[in-house]
Amino acid sequence: MNIILVGMITHFKCRLDVYPRSSVERFPVPDDKVSWAVDYKEYRPRNHTAQSIHGKPWADPEIGDPEFNPNWNHLDKNVDRQSYTGQYKIVDSYPLNPIGRTGIIGRGVLGRWGPNHAADPVVTRWKRLQSGEVEKDNSNKPILQFVAIKRGDTGEWALPGGMVDPGEKVTKTAVREFREEAMNSLVMPQGKINICEQKFESFFSNGEEVYKGYVDDPRNTDNAWMETAAYNFHDDSGHVVGALNLHAGDDAVGVTWVDATPDLQLYASHSSIVKEVLKRRLNAFSSV
Ligand code: BGC
C-alpha cells in the first residue's frame with residue numbers, strides 16, 4: 001500500500017539554499033521548475049558528494065567505478081534499490097530523483113545513489129491526568145502524545161527513526177531504532193531490557209503502517225533521496241511503553257513525550273506522518 005500524505009510530496013526542505021553540513025549552495029529551483037517534465041535550460045546544479053562518505057561500509061562507490069555494477073530498481077544483493085514511488089529513471093548512468101529537481105547533483109551526504117531507505121516508529125499513548133483519566137484539549141478532544149527525539153545533527157525534534165541496514169526487514173529497523181535512540185538500549189544494562197522483553201515483543205509486533213514513500217528531506221539531491229516507511233505503535237492503556245523511562249541514545253541528544261498538535265514542526269516530513277497518526281487515532285477513539 002502506498003499512502004500519499006497531502007503536502008508531503010513536493011520539494012520544500014530539499015530546495016533550501018545551502019546543502020546540510022556544507023557551504024555548497026543549491027541552484028535555485030522555482031516551484032514551477034521542480035518537475036523534470038518542465039524545461040529549465042539555465043539549470044546548472046553543482047555536483048556535491050561529501051568527502052566523509054567515501055569508503056564508508058554503508059556507502060556506494062562512485063558511479064563509473066569498474067567494481068560498481070548496481071542493479072537499479074531491484075533488490076541488489078542485500079541492498080534495496082527499489083523505490084516506493086515506482087520505477088525511477090537512469091540518465092547518463094545516474095538515477096534521477098522521481099519528484100524532480102533539487103538544485104544539486106551528486107550524493108551529498110547520502111550513502112546510496114537512488115533511494116536511501118529509512119524506517120520511523122511513531123510510538124503513541126493518550127495523555128493522562130493524575131487520576132488516570134485521558135486528558136482533553138479545549139475542544140474536548142483527547143490529547144495524543146508521541147515519542148520524539150532531538151537530533152544531534154540539526155537539533156530539530158524528530159521521530160526516532162533510522163536507516164534500514166542491508167537485508168534488514170523495515171519493521172525491524174523501526175523497532176531497533178526506537179530502542180537505540182529512545183530507550184538507549186546500546187548502553188542500558190542487559191538485565192534491565194530483559195525484564196520488559198516479553199511485553200515489548202508483543203507491543204512492537206503490532207505496528208500499523210501509516211506511510212511508505214518519498215520524503216522531503218534536506219539531504220536529497222537530483223541523484224539520491226530519502227524514502228521511509230512509518231509505523232504506529234499505540235499504547236492505548238499507557239501501561240506498556242507509556243510507563244517507560246526514556247533515555248536518549250545513539251544519534252539522539254534528547255527524548256520526550258510530545259503532545260501531537262496539528263501545528264507541530266518536526267524534521268523532514270515527520271510532521272505529516274504524525275498528523276496522519278493523530279487523525280487515525282482520534283477516529284479510532286471516537287468510534288469506541
Ligand atoms: C531519519 C528518519 C527520516 C529519514 C528521512 C533518516 O535519517 O532517521 O527518521 O524519516 O531520514 O528524512
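Student: In the lining of the second largest pocket, how many residues are nonpolar, polar and charged?
Tutor: This is a predicted model, where local features need pLDDT of at least 70, side-chain atom pairs need 80 or more, and totals for chains, interfaces and linings use all residues. Residues are numbered from 1 along each chain, and side-chain values use heavy atoms, without hydrogens or water. Ala, Val, Leu, Ile, Met, Phe, Trp, Tyr, Cys and Pro count as nonpolar, Asp, Glu, Lys and Arg as charged, the others as polar. The split is eight nonpolar, three polar and three charged.

Student: What is the volume of the largest pocket?
Tutor: A pocket is an open set of points on a 1 Å grid over the protein atoms alone, where a 1.4 Å probe fits, with protein on both sides within 12 Å along at least five of seven lines; lining residues have an atom within 4 Å of a point. Here 49 residues line the largest pocket, with His117 and Met226 among those nearest its centre. Its volume, the space filled by probe spheres set on the points, is about 1,200 Å³.

Student: Which pocket does the ligand take?
Tutor: A molecule sits in a pocket if more than half of its atoms lie within 2 Å of its grid points. The ligand is surrounded by 15 residues (a heavy atom within 4 Å), and Asp120 and His270 are among the closest. The space it takes is the largest pocket.

Student: How far is an oxygen atom of the ligand from an N or O atom in the side chain of Asp217?
Tutor: A polar contact pairs N or O atoms within 3.5 Å. For the side chain of Arg219, the distance to a ligand oxygen is 2.8 Å. For the side chain of Asp217, it is 2.4 Å.

Notes:
Polar contact = N/O pair within 3.5 Å; in protein donor to acceptor, adjacent residues only side chain to side chain.
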